[in-house]
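Here are a few exercises to work through with the model open beside you. Try each task before you read its solution.

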Amino acid sequence: MGVSFSQAARRVAAKYVDAASLDAALEVLGARAEKDVESLDAEGKAGIISFLVRNLRELSVEEATELERRLLREMGAVPRPMKTVVVKDDISVITLRNYVRYLCVYLGMEWNRGLLLQSAVSVLARFALTRGSGTFEISAAREKVSFRVHIDGQVAIGGAWLSTSNEPLLAGVRNLARGLRSTSGAQGSQLEFDVEWAAVA
């Protein structure tokens, strides 16, 4: 028999919270707490870990983020090299944001910078929804995360559009992105950019 989620979580979280708080948080998970860790894929582990940590309310933001990162790594919740998320409704926008948050925590992006990235990507996803839908390809490496976005609609008449766009809601992407490349045409609009894990001085 393998190791259950609750057993694996106790080994790590006992250094951060008292037993009563951890018991209460695990109880909220219900049957998920007794799932065999090895039966869960990386994103399944990440979802349960995030839910557990959110229920440990006595932790500071920094402590909670550190605990979540340690749980992800201890349980082998390694992000895949490339992930594709199709944005077609509000639920898929949340799915995309949650995946970006998972990357930020696992790979150690500073909390405020991670929050800015999650917000910027969510806004870009909602922008894509106003044009119909969008596809986000996300590749993560130790130094940066790369985004390749296809929006099913013509945003501008040819050429680069985001770098000169007057759309104020897209300011978050412009402020974080490096190597920004964008095109727009009858087949849709494309956008590629990188975000480094650490802010450049």
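**Exercise 1. Compare the expected span of helix 6 (residues 111–130) with the distance between its end C-alpha atoms.**

Step 1: helices here are DSSP runs of H or I with at least four residues, strands are runs of E with at least two, and both are numbered from the N terminus. Step 2: the expected span is 1.5 Å times one less than the number of residues, so the 20 residues of helix 6 should cover 28 Å. Step 3: the end C-alpha atoms lie 29 Å apart, which agrees.

A word on the source: this is a predicted model, in which local features need pLDDT of at least 70 and side-chain atom pairs count only at pLDDT 80 or more, while totals for chains, interfaces and linings use all residues. Residues are numbered from 1 along each chain as its sequence is written, and side-chain values use heavy atoms, with hydrogens and water left out.

**Exercise 2. Describe what flanks helix 6.**

Step 1: at the N-terminal end, E110 acts as a cap, with a side-chain oxygen 3.2 Å from the backbone nitrogen of N112. Step 2: after the helix comes G132, whose phi is positive, near 130°.

**Exercise 3. Decide whether Q118 is buried or exposed, and find its contacts.**

Step 1: buried means under 20% relative accessible area, exposed over 50%, and partly exposed in between (1.4 Å probe, protein chains only). Step 2: Q118 lies in helix 6 and has a relative accessible area of 9%, so Q118 is buried. Step 3: leaving aside neighbours within four places in sequence, Q118 is in contact (heavy atoms within 4.5 Å) with R97, V100 and R101. Step 4: other buried residues of helix 6 include G114, L117 and F127; the cover over the helix's buried residues includes strand 1, helix 5 and strand 5.

**Exercise 4. Work out the strand order of the open sheet and its edges.**

Step 1: two strands pair if DSSP finds at least two bridges between them. Step 2: five strands follow the order 1-2-3-5-4, with antiparallel pairing. Step 3: strand 1 (82–87) and strand 4 (178–185) are the edges, each pairing on one side only. Step 4: six bridges join strand 4 to strand 5 (residues 188–196), and S184 stands opposite S189 in strand 5.

**Exercise 5. Which residues touch the most other members of the largest nonpolar core?**

Step 1: such a core is a set of buried Ala, Val, Leu, Ile, Met, Phe, Trp, Tyr and Cys residues joined through side-chain atoms within 4.5 Å. Step 2: among its 60 residues, the answer is F5, L117 and F147. Step 3: helix 5 (residues 90–107) gives the largest share, nine residues.

Notes: A polar contact is a pair of N or O atoms within 3.5 Å; within protein, one must be able to donate a hydrogen and the other to accept it, and residues adjacent in sequence count only if both atoms are side-chain atoms.
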